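Here are my notes on this one, for someone opening it fresh. Have the sequence and the 3D view side by side while you read.

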Amino acid sequence: MAQIEQSGGGGKKKKGAQKKMSIHVDFTPMVDMNMLLITFFMLCTTMIKSQTLNISLPSNEKVEQAEQNKAKESEAITLILATERDKDGNVKTDGDGRPMNTIYFYEGKPLIPEGYKDGPVMNSNLRVEHFVGNEGGMTKGIRKILHDKNEQVLEKIETQKTRWRNKEISEEEYQKLAKEIRNDSTVSRPVVIIKATPEASWESVITALDEMQINQISRYQIDNINHLDSMMILGYLESGGKK
Amino acid sequence: MGKARIKRKSTLIDMTAMSDVTVLLLTFFMLTSTFLQKEPVTVITPSSVSEIKVPTANVATILVSPEGKIFLGIAGEADPNVADGAWATEEVRAKALEIAARDYEAKTGKKTGITQGDIATFAKLNMFGVPLSEMHNFLQLPQAKQDEYISDMANAGVGIPMKEIVYTDADGSKIITNEFQIWMRAIYNSGNENLLQAMKSGEGIAVKADHGTPYAIVHDVLDNLQTMKMNRFSVMTALKTEND
């Protein structure tokens, strides 16, 4: 591998002159080995550490019904998450490869038609939305609904954000102010109740929690789905309410 | 006329510079890398906008496979020199197994047969998920066999069971618990002050589930955590932006 070359090549050399030696070491195998090692490390490392989302659930003790319904009805919005699955239990995806997560939601109390006894609830105030996010800078889908509900808070936070961007206030001050605004009881803030059907994918639950962060909603809770909720969905599907 | 001579040129390329570059890259990767921890199942976590990083120390990870199997991973102090090196990860794990086994024996009246040797083997495990009754046999297997055993999702003996254990406590009242709860309590009570604080604040409990897992399965885990009054915990997610 390492070879010693005589400089000048065969030529007329003065007798007795010292030969100049240049040493070439072939580094190709060294490079090969290094590349292998790099590949190994690249494949074995996790460059991006995963993130976490903090959740606090209420304790499992039975809460008085009256206590639970304390939230003002005008401010409450209930989301029921559902996911369409094929018969193997895999999440179905639509044409764009997005998982088919559906959100049924109603504002305030569930509206039940008079004379309802049991079975699917027809003509309730249940509506359907999807997780769309932003499209062309505009909020769409469920995000728009939550955005509109929390408009007062979002507007106030946006003003503070502009101040922070213009370096009028520091980041800590901005975070502190944003927190105060989120918890300001003088403005109308929604209370979001998140429920999920047993088939709903974990992803849809996380996405829903995420929407709370995006829309700066401070009051939300995860609740269990009840019989009436499922009956409302059933009624909605039976009436073929695919809007 | 002399023939046109083609000069023979040496094809040797000087690889020294290339070698320099690769060694630099290699150094970079070696220094920045944290190795992927071996997990029985690979799950793709859902993405969220939350930017809080997963802690690497003082955290109990609950891995939920899409089939509903539960695995636990315990990480103690990242730096064994903290607290006189007495509470490194392995110590916490050993202590947790000891407490869990004792608790299980007291509550079910069954023997687990776990030996000191088993505890030492267990302390090296990154993630585990076998019923306590199977733990002794599992730990006796060579490591390759252990990995093979634990990644078989069809096996009923894999995953920490959530089957009800009913026992009567000192006051004579009936209490329902399960092995998952026994484990979580054991980790909670393993005596590491930092881990305890982390678990109380919610940073020390991380739930990791696949994005397609039905909510019913994850709900089971969350419900058990709620029952144990571990209401605050974190959920592992990948990063996405608000515009997605």
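1. Start with the outward side of a helix. Leu36(A) and Leu43(A) are exposed residues on the face of H1(A) that is turned away from its buried side. For the vocabulary: buried means under 20% relative accessible area, exposed means over 50%, and partly exposed is in between (1.4 Å probe, protein chains only). Helices (H or I, at least four residues) and strands (E, at least two) are DSSP runs, numbered from the N terminus.

2. A word on what you are looking at: this is a predicted model, where local features need pLDDT of at least 70, side-chain atom pairs count only at pLDDT 80 or more, and totals for chains, interfaces and linings use all residues. Residues are numbered from 1 along each chain as its sequence is written, chains are lettered from A and ligands numbered from 1 in the order in which they are written, and side-chain values use heavy atoms, with hydrogens and water left out.

3. Now the inward side of the helix. Val31(A), Asn34(A), Ile38(A) and Phe41(A) are the buried residues to find in H1(A). They sit on the same side of H1(A) because they cover an arc of only 90 degrees around the axis (the arc is that of the directions from the helix axis to the C-beta atoms). The general rule behind this is that an α-helix has 3.6 residues a turn, so residues three or four places apart point the same way.

4. What do the buried residues of H1(A) pack against? Their partner is helix H1 (16-32) of chain B, with contact meaning heavy atoms within 4.5 Å. As for length, H1(A) has 17 residues and spans 24 Å from first C-alpha to last, close to the 24 Å expected at 1.5 Å a residue (the expected span is 1.5 Å times one less than the number of residues).

5. There is a greasy spot worth colouring in. Met30(A), Met33(A), Leu37(A) and Val23(B) make a nonpolar surface patch of about 300 Å². Helix H1 of chain A (residues 28-44) gives the largest share, 3 residues. Leu37(A), which lies in that helix, is partly exposed at 33% relative accessible area. Patches are made of residues with over 30% relative accessible area and no salt bridge; like charges are joined within 9 Å, nonpolar side chains (Val, Leu, Ile, Met, Phe, Trp, Tyr) within 5 Å.

6. Next, a strand residue that meets the other chain. Is Thr52(A) buried or exposed? Thr52(A), in strand S3 (residues 51-56) of chain A, counts as buried at 2% relative accessibility. Leaving out residues up to four places away in sequence, Thr52(A) touches several residues of chain B, including Ile52(B), Val54(B) and Met236(B).

7. On to charges. The whole structure, over all chains, has 10 salt bridges, each a side-chain nitrogen of Lys or Arg within 4 Å of a carboxyl oxygen of Asp or Glu. One of them joins Glu107(A) and Lys149(A) at 3.8 Å, N to O. That pair links distant parts of the chain, 42 residues apart: Glu107(A) is in strand S5 (residues 101-107) and Lys149(A) in helix H3 (residues 141-149). Glu107(A) is partly exposed at 33%, while Lys149(A) is buried at 18%.

8. Helix H3 of chain A also holds a local pair. Asp148(A) and Lys144(A) form a salt bridge with their closest N and O atoms 3.4 Å apart, and they sit 4 residues apart, about one turn of the helix. Asp148(A) is partly exposed at 38%, and Lys144(A) is partly exposed at 39%.

9. Then look for a buried pair. Asp229(A) and Lys195(A) form a salt bridge, with closest N and O atoms 2.7 Å apart. The two link distant parts of the chain: Asp229(A) in helix H7 (residues 227-238) and Lys195(A) in strand S9 (residues 191-196), 34 residues apart. Asp229(A) is buried at 1% relative accessibility, and Lys195(A) is buried at 7%.

10. Last, the overall picture. Chain A has 7 helices and 10 strands, and 35% of its 243 residues count as buried. Of its contacts between residues at least 6 apart in sequence, 67% join residues at least 24 apart.

Technical notes
Accessible areas come from the Shrake-Rupley method with a 1.4 Å probe; for residues, only the protein chains shown count as cover.
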